[in-house]
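Subject: The structure I promised you

Hi,

Here is the structure we talked about, ready for you to open and turn around on your screen. Have a look at it first, then read on for what I found.

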Amino acid sequence: MTVIVLTAVPPGLRGHLTRWLLEISPGVYVGYVSARVRELIWERIVEFVAEGRALMVHSAHGEQRLEFQVHGHDWTPVDYDGITLMRRQTTPTYVAGKSRKRPQQPTADGATEGASTRDETVWKRRNARRKFRKKD
């Protein structure tokens, strides 16, 4: 069995993969293909992925019975005593922008409006954006 996960790839590549595999969710493809077809599919993915990411997992001989191939992804397969583990990059590849400090404004009681007010605002926005809310 072969599973391919694509992120931020051109629509033409996604359409091309539907010739051999089933798209069970946006960007997730599964199916049974021969090793030769699987290698050709991977070559096509690497060729057309552009700025996106690709991850392929397929069955293989061995204790884990899995092999991984990764392109443009933060996760990389690492062999550890015969077992393949996925290692994630610990430092981000992007550079965080400089944050601007807002001047603190005094409130009605004379105290300065600080981090606690901002934290409450962030949590209010997060709750408003939730997809699934608890039913009352």
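Let's begin with Tyr80: is it buried or exposed? Its relative accessible area is 54%, and since the cut-off for exposed is over 50%, Tyr80 counts as exposed. One thing to keep in mind throughout is that this is a predicted model.

Tyr80 sits in strand 6, which covers residues 75-80. On the surface, Tyr80 joins Ile83 and Leu85 in a nonpolar patch, and together the three have about 300 Å² of accessible area.

Now follow the chain onwards from there. Strand 6 is joined by 6 bridges to strand 7 (residues 83-88), and the two run antiparallel. If you want one pair to look for, Thr76 has Arg87 as its bridge partner in strand 7. The two strands make a hairpin with 2 residues between them, and in the turn Asp81 has a positive phi of about 55°.

Let's zoom out for a moment. The chain contains 3 helices and 7 strands, and along the sequence they come in the order β-α-β-β-α-β-β-β-β-α. There are 136 residues, and 18% of them count as buried. The chain exposes about 11400 Å², with carbon and sulfur atoms supplying 52% of that. Looking at contacts in the chain with a separation of 6 or more, 37% come from residues 24 or more positions apart.

Next, find strand 4 (residues 53-59). Why is it largely enclosed by the rest of the structure? It is because 5 of its 7 residues are buried. Strand 4 has partners, too:

- Strand 1 (residues 2-7) runs antiparallel to strand 4, with 6 bridges joining them. Ile4 has Met56 as its bridge partner in strand 4.
- Strand 5 (residues 66-71) is also antiparallel to strand 4 and joined to it by 6 bridges. Here the bridge partner of Ala54 is His71.

Strands 4 and 5 form a hairpin as well, with 6 residues between the strands, and Gly62 there takes a positive phi near 140°.

On to the inside. In soluble globular proteins, nonpolar side chains tend to be buried together. In this model, the largest nonpolar core has 14 residues, and the members that touch the most others are Ile4, Leu6, Leu17, Tyr29, Ile45 and Ala54. At least two core residues come from each of strand 1, helix 1 (11-17), helix 2 (35-48) and strand 4. Which of the elements gives the most to this core? That is helix 2, with 3 residues.

Tyr29 is a nice one to click on. Leaving aside neighbours within four places in sequence, its contacts include Ile4, Leu6 and Leu17, as well as Arg14 and Glu23.

Those last two residues have a link of their own. Arg14 forms a salt bridge with Glu23, and their closest N and O atoms are 2.6 Å apart. The structure holds 1 salt bridge, so once you have found Arg14 and Glu23, you have found it. Are the two buried, exposed or partly exposed? Arg14 has 30% relative accessibility, so it counts as partly exposed, and Glu23, at 34%, counts as partly exposed too.

Have fun exploring, and shout if you get stuck!

Cheers

Key: Residues are numbered from 1 along each chain as its sequence is written. This is a predicted model: local features need pLDDT of at least 70, side-chain atom pairs count only at pLDDT 80 or more; totals for chains, interfaces and linings use all residues. Side-chain values use heavy atoms; hydrogens and water are left out. Buried means under 20% relative accessible area, exposed over 50%, partly exposed in between (1.4 Å probe, protein chains only). Helices (H or I, at least four residues) and strands (E, at least two) are DSSP runs, numbered from the N terminus. Two strands pair if DSSP finds at least two bridges between them. Contact means heavy atoms within 4.5 Å. Accessible areas come from the Shrake-Rupley method with a 1.4 Å probe; for residues, only the protein chains shown count as cover. A nonpolar core is a set of buried Ala, Val, Leu, Ile, Met, Phe, Trp, Tyr and Cys residues joined through side-chain atoms within 4.5 Å. Patches are made of residues with over 30% relative accessible area and no salt bridge: like charges are joined within 9 Å, nonpolar side chains (Val, Leu, Ile, Met, Phe, Trp, Tyr) within 5 Å. A salt bridge is a side-chain nitrogen of Lys or Arg within 4 Å of a carboxyl oxygen of Asp or Glu.
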